[in-house]
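Got the viewer open? Please take me on a short walk through this one, and tell me what to click on as we go.

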Amino acid sequence: MTESRVPALLVMHADLASALLRAAEKVYGPIDGVEVLSNEGLSRDALEGAIADRVRGWSAGGLVLTDFWGGSCHICGMAAARGHGELVIVSGLNLPTLLDYLHNRDRYGVQELAERLQKKGQDSIRLQRGQSA
Amino acid sequence: MSWVNHRIDDRLIHGQVVIAWGEHLRPRRLWVVDDRSAANAWERDLLASAAPGIDVRVLGVADAAAGYVALGVEAAPAMLLVRDLATALALVEAGAPVPAFTVGGLHYAPGKDKLNEYVYLDAADRERARALRARGVRLDVQDVPASRPQPLDALDPSLA
């Protein structure tokens with residue numbers, strides 16, 4: 001258990017981050033303390049700088065939540081996290097993962113929460129076949 | 001077969017490259033030609049990790065120009081990335097016989113004019129574009145495979 005809240009920044013393509021946050025509010029309720037950032041129209045240097053500006057005050061670390069591995073959001077998150085030891089980049093974020101973050105951001109430390117989200121994201125994709133009538 | 005695309009993109013490796021062009025062209029190798037990245041071990045490792053399943057090399061302009069022809073005769077498809085028109089021109093001037101570059105992303109910066117949603121140029125860029133064309137290098141604008149390629153000078157009449 002930890003008493004401090006793990007901060008998060010959602011960095012995604014187009015309007016996905018804000019749309020995902022709006023969708024999460026429909027399930028979770030009003031959300032505070034989560035920032036969103038789009039890569040729209042930004043060069044790599046500009047996006048890296050925008051992420052760095054937002055995480056600079058996270059002295060105890062935090063999570064940069066991105067849409068997919070190898071995308072500009074992930075790469076710029078990694079670049080912005082350089083030298084920021086307690087910052088973890090989580091890629092492949094989906095709605096179940098975001099909801100899990102919201103429910104657990106006051107309960108775990110940065111590393112432990114990041115690992116929990118990875119497992120939650122992987123477990124949240126399931127298959128269920130239709131059955132013949 | 002080897003060189004299947006040469007792209008100018010200030011994001012270097014990112015989603016359009018890894019997902020869209022990666023699925024479309026299936027490159028086995030990806031050269032990132034960028035002096036700044038090549039000089040930084042951390043940046044080289046970051047770029048190498050960003051495209052799983054593709055052999056990523058991060059090279060300076062001189063090394064890329066020296067190895068360009070040799071890689072071009074290998075069977076495996078390869079893709080080449082530079083971050084700007086200056087690097088594209090430097091690579092050609094260093095001796096790499098690149099036939100064409102796809103302008104895939106030159107995003108807004110102060111002093112640059114908008115050509116479309118993902119290409120902005122200033123006077124220095126235009127000079128480099130003219131220099132590339134003078135060397136016989138074609139410049140087409142296209143962000144993803146599903147979009148229609150357009151000659152750069154069709155978007156910027158001052159280059160015509």
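Here is a tour with two stops, each a pair of helices in a predicted model.

**Stop one: chain A**

Start by selecting residues 44-55 of chain A, which form helix α2, and then add residues 72-81 of chain A, helix α3. Turn the view until you can see both axes: they come within 8 Å and cross at roughly 55°. An angle like that is neither under 35 degrees nor in the 65 to 115 range, so α2(A) counts as oblique to α3(A). The crossing is right-handed.

Now show side chains where the two helices meet. On the α2(A) side, pick A:Arg44, A:Leu47, A:Glu48, A:Ile51, A:Ala52 and A:Val55. Facing them from α3(A) are A:Ser72, A:Cys76, A:Gly77, A:Ala79 and A:Ala80. Try colouring this contact by residue type: you should get seven nonpolar, two polar and two charged residues.

**Stop two: chain B**

Hop over to chain B and select residues 85-93, helix α5, together with residues 123-134, helix α6. How far apart are their axes, and at what angle do the helices pack? The axes are 9 Å apart and the angle is about 30°. Since angles under 35 degrees count as roughly parallel, that makes α5(B) roughly parallel to α6(B). The crossing here is left-handed.

For the side chains, click B:Leu85, B:Ala86, B:Ala88, B:Leu89 and B:Val92 in α5(B). Their partners in α6(B) are B:Asp125, B:Arg128, B:Ala129, B:Ala131 and B:Leu132. Colour by type again, and this contact splits into eight nonpolar, no polar and two charged residues.

Terms used: Residues numbered from 1 in each chain as written. Chains lettered and ligands numbered in written order. Predicted model: local features only at pLDDT ≥ 70, side-chain atom pairs only at ≥ 80, totals over all residues. Axes fitted to C-alpha atoms, helices over the stretch in contact; angles between N-to-C directions. Helix = DSSP H or I, 4+ residues; strand = E, 2+ residues; numbered from the N terminus. Parallel < 35°, antiparallel > 145°, perpendicular 65-115°, else oblique. Left-handed = near helix turned anticlockwise from the far one by under 90°. Contact = placed C-beta atoms within 7 Å. Nonpolar A, V, L, I, M, F, W, Y, C, P; charged D, E, K, R; others polar.
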